[in-house]
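Work through these exercises with the sequence and the 3D view open. Try each task before you read its solution.

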Amino acid sequence: MDRIPILKLGSALLVTIQVDMHDQLATALEEDLTSRIVECNARGVLIDISALEIVDSFIGRMLDNIAAVSRILDADTVVVGMRPAVAITLVELGLSLNGVKTALNVDRGMELIRPQLIAGDDDGD
Amino acid sequence: MTEQLAILSSEDVVRVRQRVRTLAVEAGLSLVDQTKIVTAASELARNTLDYGGGGHVVAEQLAVPRRGVRLTFVDNGPGIRNIDEALRDGFTTGGGLGLGLGGAKRLSSEFSIDSAPGQGTRIMIARWK
């Protein structure tokens with residue numbers, strides 16, 4: 001089965017979703033990210049969804065789950081690059097992604113998780 | 001113009017999304033309206049697969065009385081016992097968030113549902129330009 005690649009960047013993990021994911025692919029990403037957080041001692045996770053044309057309730061729940069699990073594993077998750085039309089649709093759908101930190105782009109997303117990353121370095125990671 | 005697409009796997013759900021996007025673009029819907037109907041189609045196609053045991057969607061591009069896209073999702077699954085309850089946000093008989101049906105209704109210009117226990121489910125949505 002196809003997998004979404006996960007890149008390690010210092011103590012952060014970077015995921016760029018560039019395909020229209022079917023549900024099993026989204027579930028696989030959730031599982032892969034969780035194990036990579038532990039393997040890599042990651043303190044931050046950045047998920048770029050700028051290529052996604054829609055976020056439906058399944059993908060929304062996946063993003064929520066990733067944020068919740070990574071929080072428990074002491075990593076911060078930021079979702080970046082959501083298209084304006086996607087944001088409008090998500091709110092009307094009834095999903096507010098309350099548990100997920102969002103930023104407009106990768107630069108701002110990195111700023112959001114930088115404190116975590118620096119703290120990670122101090123720990124000698 | 002009318003076409004029928006099978007919904008028998010989660011790859012089919014992706015194909016439905018992509019086809020609906022093309023139809024919405026051709027019908028001249030705005031980007032936000034395209035996104036709304038594609039998202040609604042994704043929710044309903046998943047329901048057809050997960051709760052209806054698979055089925056199909058009839059996709060129509062309409063010119064009269066207005067330009068738009070109409071989608072009818074059909075399955076021969078167990079049907080819905082209480083439609084009002086099924087439309088309520090947060091209600092689910094599966095593992096989902098319970099936003100699919102009510103969300104799809106909010107995202108559409110027109111919505112109708114025809115279902116009864118043992119009779120399958122037929123859901124029509126439309127988005128007009």
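**Exercise 1.** Is A:Asp74 buried, partly exposed or exposed, going by the other C-beta atoms within 10 Å?

*Solution.* Keep in mind that this is a predicted model.
- Step 1: locate the residue. A:Asp74 sits in the loop between H2 and strand E4 (76-80) of chain A.
- Step 2: count. A:Asp74 has 13 other C-beta atoms within 10 Å.
- Step 3: apply the cut-offs. A residue is buried at 20 or more such atoms and exposed at 12 or fewer.
- Step 4: conclude. The count is 13, so A:Asp74 is partly exposed.

**Exercise 2.** Find what is unusual in the backbone at A:Asp74, A:Asn41 and B:Pro65.

*Solution.*
- Step 1: recall the usual case. Most residues other than glycine have a negative phi, and most peptide bonds are trans.
- Step 2: check A:Asp74. Its phi is positive, about 65°, although the residue is not a glycine.
- Step 3: check A:Asn41. Phi is near 55° here, again a positive value in a residue other than glycine. A:Asn41 belongs to the loop between H1 and E3 of chain A. With 14 other C-beta atoms within 10 Å, A:Asn41 is partly exposed.
- Step 4: check B:Pro65. The peptide bond from B:Val64 to B:Pro65 is cis, with omega near 0°. B:Pro65 lies in the loop between strand E2 (55-62) and strand E3 (68-75) of chain B.

**Exercise 3.** Describe the surroundings of A:Ile49.

*Solution.*
- Step 1: locate it. A:Ile49 is in the loop between strand E3 (44-48) and H2 of chain A.
- Step 2: count. A:Ile49 has 20 other C-beta atoms within 10 Å, so it is buried.
- Step 3: list its contacts, leaving aside neighbours within four places in sequence. They are A:Ile17, A:Val55, A:Val79, A:Gly81 and A:Met82.
- Step 4: compare sequence with space. A:Val15 is 34 residues from A:Ile49 along the chain, yet their C-alpha atoms are separated by 8.6 Å.

**Exercise 4.** Outline the fold of chain B.

*Solution.*
- Step 1: count the elements. Chain B has 4 helices and 5 strands.
- Step 2: put them in order. The pattern along the sequence is β-α-α-β-β-α-α-β-β.
- Step 3: judge compactness. The radius of gyration is 14 Å, close to the 14 Å that the globule rule gives for 129 residues, so chain B is as compact as a globular protein of that length.
- Step 4: look inside. Of the 129 residues of chain B, 41% count as buried.
- Step 5: look at contacts. Take those between residues at least 6 apart in sequence: 64% join residues at least 24 apart.

**Exercise 5.** How do helix H1 (residues 10-26) and helix H2 (residues 31-50) of chain B pack?

*Solution.*
- Step 1: read the geometry. The angle is about 155°, and the axes are 9 Å apart.
- Step 2: name the arrangement. Angles over 145 degrees count as roughly antiparallel, so H1(B) is roughly antiparallel to H2(B).
- Step 3: give the hand. H1(B) passes H2(B) in a right-handed crossing.
- Step 4: inspect the contact. On H1(B) it includes B:Val13 and B:Val20, and on H2(B) it includes B:Ile37 and B:Leu49.
- Step 5: sort by class. This contact has 10 nonpolar, 3 polar and 3 charged residues.

**Exercise 6.** Which elements of chain A give two or more residues to the side that touches chain B?

*Solution.*
- Step 1: size the interface. 18 residues of chain A are in contact with 25 residues of chain B.
- Step 2: name the elements. They are helix H1 (23-39), helix H2 (57-72) and helix H3 (84-93) of chain A.
- Step 3: rank. H3(A) gives the largest share, 6 residues.
- Step 4: sort by class. The chain A side has 7 nonpolar, 5 polar and 6 charged residues.

Notes. Residues are numbered from 1 along each chain as its sequence is written. Chains are lettered from A and ligands numbered from 1 in the order in which they are written. This is a predicted model: local features need pLDDT of at least 70, side-chain atom pairs count only at pLDDT 80 or more; totals for chains, interfaces and linings use all residues. The radius of gyration is taken over C-alpha atoms; the globule rule is 2.2 Å times the number of residues to the power 0.38. Two residues are in contact if their C-beta atoms, placed from the backbone, lie within 7 Å. Ala, Val, Leu, Ile, Met, Phe, Trp, Tyr, Cys and Pro count as nonpolar, Asp, Glu, Lys and Arg as charged, and the others, Gly among them, as polar. Axes are lines fitted to C-alpha atoms, for helices over the stretch in contact, and angles run from 0 to 180 degrees between N-to-C directions. Angles under 35 degrees count as roughly parallel, over 145 as roughly antiparallel, 65 to 115 as roughly perpendicular and the rest as oblique. A crossing is left-handed if the near helix is turned anticlockwise from the far one by less than a right angle, and right-handed if clockwise.
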